[in-house]
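Work through these exercises with the predicted model open beside you. Try each task before you read its solution.

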Amino acid sequence: MSEDKRYQVALSLIPGIGPVLAKQLINHFETPQNIFKATKGKLTKVNGLGKKLADLISGEEQLLAKADKVLEASEKLGIQTHYYKEDSYPQRLKSILDAPIVLYTKGNIELNTERTLGIVGTRKATKYGLHQTEDIVSSSQSSKPIIISGLAYGIDVRSHETAVKLNIPTYGVLACGLDTIYPSAHRSISQKMLDNGGLISEYPVGTKADARLFPARNRIIAGLSDALIVVEAAAKGGALISANIAHSYDKPVFAVPGEIGKSFSEGCNLLIRNYKASIYTGFRDIEEALNWDLNQSPSKKVIQKDYSHLSTEQKKVVDILLKNGQQMQIDELSWQSETPLNQLASILLQLEFEGLIKSFPGKEYRLV
């Protein structure tokens, strides 16, 4: 057991010191070990750290003893520990301010894989929702992403089950320690996931599932996913929290539209109405949003689009998109084209009607 690892885990165990403050301390003192060795006077100079927290840090031996127990139990259970400055820690989370400083994993997991796809939804899924989930996972096979979800009832567990059935790697993000499976009914599928995927948590062994921990868990799902699909969701709930977080992280969010007036459709339809998610109509939507389709049929003949019929203003916008990787955010497009936003929005709408561009969450536009 390395000394560095002991101090890293010990820092993550201090009550009242969350990821943001922990990172401030690390930036100030360089290493967790230096934090514990600092005097109370130096500790209280860090913004947000009062005398009470400084006293807790000074109780070094008790915290290290707790960290030792966590590390020993983790090792026995085959649980790996990842510190946020290590190469094994997911790069996708490093840019997120409130990402945990320590992450625990179990199974055959590569946290920096090339492609990831999050799938979330209601626990009370309908046959339609379950079918759509199976179809999404099945359709993802050509792009080979890791399927990420929360191992909850309904949409989450169906995404894991389908991935396991099709031998697609899948990661479950838990709101408890990895010595506990919640819900316990999913223990069997969680074991199958370990062979080609596994489990992830920011919580150490011994942490029981608690309703207060689930919203924090959802930010990990959102942060690890290149794109997030909401299959079915009520107007309030965990799936909506995950979607809103992913939207705030500027991740592409998609929602499977549902029947108007049904409670399990309200969340998805609300996301679409509020421009926080694009309508999911097929896996091609995901491939285009993430440019996954560009590497997939290298021998396929490229069809040259005809732009000769476009107006001068439309052609100008298309030319700028072509020079900038074919996809841009509307504000940048407005600046480069020297076109006011209201006028540009009208031009983009005309081009979208012509099937020449497609809009994505975050006011991004891409040539098709």
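**Exercise 1. Which strands does helix α17 lie across, and at about what angle does it run to β11?**

Solution. Find α17 at residues 341-353. The helix lies across β11 and β12. Its direction makes about 120 degrees with β11.

**Exercise 2. Give the strand order of the three-stranded open sheet, and find its edges.**

Solution.
- Step 1: the order is β10-β12-β11, with antiparallel pairing.
- Step 2: β10 (327-329) and β11 (357-360) each have a single partner strand, so one side of each lacks a neighbour in the sheet and these two stand at the edges.
- Step 3: from one strand to the next, the twist averages 25 degrees.
- Step 4: β10 and β12 (residues 364-367) run antiparallel and are joined by three bridges.
- Step 5: one residue pair to locate is Met-328 with its bridge partner in β12, Tyr-365.
- Step 6: α16 also packs on this sheet, where it touches β10 and β12. The direction of α16 makes about 95 degrees with that of β10.

**Exercise 3. How do the axes of α15 and α16 cross, and which residues make the contact?**

Solution.
- Step 1: take α15 as residues 312-323 and α16 as residues 330-337. Their axes come within 10 Å and cross at roughly 115 degrees.
- Step 2: angles of 65 to 115 degrees count as roughly perpendicular, so α15 is roughly perpendicular to α16.
- Step 3: the crossing of α15 past α16 is right-handed.
- Step 4: α15 supplies Lys-316, Val-317, Ile-320 and Leu-321 to the contact, and α16 supplies Leu-333, Gln-336 and Ser-337.
- Step 5: sorted by class, the residues of this contact are four nonpolar, two polar and one charged.

**Exercise 4. Analyse the contact of α8 with α9 in the same steps.**

Solution.
- Step 1: α8 spans residues 127-139 and α9 spans residues 155-165. The axes come within 9 Å, crossing at roughly 40 degrees.
- Step 2: the two helices are therefore oblique to each other.
- Step 3: α8 passes α9 in a crossing that is right-handed.
- Step 4: on α8, the contact residues are Gly-129, Leu-130, Thr-133, Glu-134 and Val-137. On α9, they are Ile-155, Arg-158, Ser-159, Thr-162 and Ala-163.
- Step 5: four of the contact residues are nonpolar, four are polar and two are charged.

**Exercise 5. In what order do the nine strands of the open sheet run, and which stand at the edges?**

Solution.
- Step 1: read the order as β1-β2-β6-β5-β4-β3-β7-β8-β9. The pairing is mixed.
- Step 2: β1 (79-83) and β9 (278-279) have a single partner strand each, so one side of each is without a neighbour in the sheet and they form the edges.
- Step 3: for an antiparallel pair, take β2 and β6 (residues 197-201), joined by four bridges. Lys-106 has Leu-199 as its bridge partner in β6.
- Step 4: for a parallel pair, take β3 and β4, joined by three bridges. The partner of Leu-117 in β4 is Ile-147.
- Step 5: add the helix. α8 lies across β3 (116-120), β4 (146-149) and β7 (228-230), and runs at about 175 degrees to β3.

**Exercise 6. Which residues of β3 point one way, and which the other way?**

Solution.
- Step 1: recall that side chains in a regular strand alternate between the two faces of the sheet.
- Step 2: Thr-116, Gly-118 and Val-120 point one way from β3. Leu-117 and Ile-119 point the other way.
- Step 3: check the burial. Five of the five residues of β3 are buried, leaving the strand mostly covered.

**Exercise 7. Is each loop residue, Ile-101 and Tyr-153, buried or partly exposed?**

Solution.
- Step 1: Ile-101 sits in the loop between α7 (91-94) and β2 (102-107). Its relative accessible area is 4%. Buried means under 20%, so Ile-101 is buried.
- Step 2: beyond neighbours within four places in sequence, the contacts of Ile-101 include Leu-11, Pro-19, Ile-26 and Tyr-84.
- Step 3: Tyr-153 belongs to the loop between β4 and α9. With a relative accessible area of 42%, Tyr-153 is partly exposed.
- Step 4: outside four places in sequence, Tyr-153 contacts Thr-122, Arg-123, Pro-183, Ala-185 and His-186.

Definitions and conventions. Residues are numbered from 1 along each chain as its sequence is written. This is a predicted model: local features need pLDDT of at least 70, side-chain atom pairs count only at pLDDT 80 or more; totals for chains, interfaces and linings use all residues. Side-chain values use heavy atoms; hydrogens and water are left out. Buried means under 20% relative accessible area, exposed over 50%, partly exposed in between (1.4 Å probe, protein chains only). Contact means heavy atoms within 4.5 Å. Axes are lines fitted to C-alpha atoms, for helices over the stretch in contact, and angles run from 0 to 180 degrees between N-to-C directions. Angles under 35 degrees count as roughly parallel, over 145 as roughly antiparallel, 65 to 115 as roughly perpendicular and the rest as oblique. A crossing is left-handed if the near helix is turned anticlockwise from the far one by less than a right angle, and right-handed if clockwise. Ala, Val, Leu, Ile, Met, Phe, Trp, Tyr, Cys and Pro count as nonpolar, Asp, Glu, Lys and Arg as charged, and the others, Gly among them, as polar. Two strands pair if DSSP finds at least two bridges between them.
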